[in-house]
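Please open the structure in a viewer and keep the selection tool ready. The tour below proceeds stop by stop, saying what to select and what is found there.

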Amino acid sequence: MNDEKQMNIEIIGTGRALPSKKVSNDDLAARIDTSDEWIRSHTGIGSRYIADEDIACSDLAAEAAKNALAMAAGYTGDDPAERDKAAAEIAGTIDMIVLATATADYFGTPSTACIVQDRICARNAAAMDITAGCTGFVYGLETAAGLLSINSRRKRALVIGAEVLSRMINWEDRGTCVLFGDGAGAVVVEKSGKNSGILQTLLFADGSGSESLVMRRGGTRNPFKKGEVIDTPICVEMNGQEVYNFAVKAITDTVEALMKAGNISIDNIVRIIPHQANARIVQAARRRLHIPAEKFYMNIEEYANTSSATIPIALDELNRSGQIKKGDLILTVGFGGGLTYGGNIIIW
Ligand code: ACO
């Protein structure tokens, strides 16, 4: 039992999946009243990937999961058949799938995690979704780590952040539709005796801000009614200024709290991976924290805000490109709907 407590939860594989269709700011400006200049100067976004109509959350999630599984099995090439073979070798050893999303395949049931479990043939895995907005992946890592730690028979888990936000936004609301993109990221975590892995996680919530970022329709509070004519699909409604102010403070507070909890200084940290909601939010937070820009990893220009997927997509990019190495100390910082926020300290 004591040995069990000393085990670390290590990330042994990462993966990501993006839809093939890339949509630039100029493409959007051809359809709605906006411009590349406005979007870039207010958000740092240059493009986003948008899923075709037949693609749902589980499709992107399963692809990202297979890439992470294949890496965990030792395969990092780009041959799809070899990738699937490698992923299949290890899929049966996964004990738990935790999938964070705000844009599940179905409302309520089944969970998207169960659909992914079937798709990747992880037949021995329990599976569940969690809803924690854009902080979903940070919450998911801690959930998986806790579930692995509490039971000695569980060894490995898949943690996925996956979103098809393009289907849950009002394309006539230029204040929100330019911000989001579709995508998925995944990691395989394993209980190990090594001196690396998730060192510390802090999770926070402030439900008093729940109305500032909300998908108002379709739930038990505001169900669709018989005979109702639906003009706008279920979509994200946001008070941009409120979310902006919350987000800057959430990053600042989380980074400071993580450094204190882990007893680390900024010099120890190789990379901070913030949720990619808006480059201006990250800039404002880093100025308050007096942390050099190069410590923060940013890829929002290419992907826009993919909610729970931004952090695992960034982890996979950094990992596959060799920008993070064994032993590096990394901070993740999430913030989003709920309102939720939090972060992980990871020794890579
Ligand atoms: N193109 C052109 N003009 C626009 C656009 C657009 N896409 N969107 C808004 N505008 C206009 C507005 O109509 C307004 O015009 P007006 O002055 O004539 O009325 C003007 O730009 C300024 O609008 P604001 O809403 O005040 O713009 P602001 O500088 O606050 O930026 C933004 C808006 C980018 C949404 C900002 O508030 C923000 O980043 N908030 C944080 C929200 C966020 O990042 N959410 C992501 C999801 S939540 C999460 O991930 C945590």
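## A loop to begin with

Select N263, which is found in the loop between helix 9 and strand 11. As the model is a predicted one, every value in this tour is computed. N263 has a positive phi of about 55°, although N263 is not a glycine. Is N263 buried or exposed? Its relative accessibility is 70%, and therefore N263 counts as exposed.

Now move to H290, in the loop between helix 10 (279-289) and helix 11 (300-303). Here, too, phi is positive in a residue other than glycine, with a value near 55°. H290 counts as exposed because its relative accessibility is 71%.

## The sheet of four strands

Next, select strands 8, 13, 12 and 11, given here in their order in an open sheet with mixed pairing. Strand 8 (197-205) and strand 11 (271-274) stand at the edges; each has a single partner strand, so one side of each has no neighbour in the sheet. From one strand to the next, the twist averages 10°.

Strand 8 and strand 13 run antiparallel and are joined by eight bridges. To see one pair of partners, select I198 and its bridge partner in strand 13, I346. In general, strands of a sheet pair through backbone hydrogen bonds, in either a parallel or an antiparallel manner.

Add helix 12 (residues 310-320) to the view. Helix 12 lies across strand 11 and strand 12 (329-336), and runs at about 145° to strand 11. Then select L339, in the loop between strand 12 and strand 13. The peptide bond that joins G338 and L339 is cis, with omega about -5°.

## Aromatic rings

How many aromatic pairs does a search of the whole structure find? The search finds three. Select F246 and Y341, which form an edge-to-face pair, with 5.8 Å from centre to centre and 80° between the planes. This pair links distant parts of the chain: F246 belongs to helix 9 (residues 240-262) and Y341 to strand 13 (residues 340-347), 95 residues apart. Both F246 and Y341 are buried. Add F204 to the selection, and one aromatic cluster of F204, F246 and Y341 is in view.

Another ring to select is that of W171. The charged end of R31 sits over this ring, 5.2 Å from its centre.

## The sheet of five strands

Now select strands 1, 7, 6, 4 and 5, again in their order in an open sheet; the pairing is mixed. Which strands form the edges? They are strand 1 (8-17) and strand 5 (126-130), each of which pairs on one side only. Neighbouring strands of this sheet are turned against each other by 20° on average, direction ignored.

Within the sheet, strand 6 (residues 156-164) and strand 7 (residues 182-192) pair in the antiparallel sense over nine bridges. I160 has A186 as its bridge partner in strand 7.

Two helices that pack on the sheet come next. Helix 4 (residues 57-72) touches strand 1, strand 4 (96-100), strand 6 and strand 7, and its direction makes about 125° with that of strand 1. Helix 7 (residues 136-150) touches strand 1, strand 4, strand 5, strand 6 and strand 7; its direction makes about 160° with that of strand 6.

## The nonpolar core

The largest nonpolar core has 30 residues, and those with the most contacts inside it include L69, I97, V116 and I160. Helix 4 gives the most to this core, with nine residues. In soluble globular proteins, nonpolar side chains tend to be buried together.

Select I160 once more and display its surroundings. Beyond its neighbours within four places in sequence, I160 is in contact with residues including A61, A65, I97, V116, F137 and A186.

## Helix 6 and its two ends

For the last stop, select P110, in the loop between strand 4 and helix 6. A cis peptide bond, with omega about -5°, joins T109 and P110. Continue into helix 6, whose buried residues are T112, A113, I115, V116 and Q117. These buried residues pack against helix 4, strand 4, strand 5 and strand 6. Helix 6 is followed by C121, where phi is positive, near 60°.

Methods. Residues are numbered from 1 along each chain as its sequence is written. Side-chain values use heavy atoms; hydrogens and water are left out. Two strands pair if DSSP finds at least two bridges between them. Axes are lines fitted to C-alpha atoms, for helices over the stretch in contact, and angles run from 0 to 180 degrees between N-to-C directions. Contact means heavy atoms within 4.5 Å. A nonpolar core is a set of buried Ala, Val, Leu, Ile, Met, Phe, Trp, Tyr and Cys residues joined through side-chain atoms within 4.5 Å. Buried means under 20% relative accessible area, exposed over 50%, partly exposed in between (1.4 Å probe, protein chains only). Rings of Phe, Tyr and Trp (its six-membered ring) pair if their centres lie within 6.5 Å; planes under 30 degrees apart count as stacked, over 60 as edge-to-face and the rest as tilted. A charge sits over a ring if NZ of Lys or CZ of Arg is within 6 Å of the ring centre and within 35 degrees of the ring normal.
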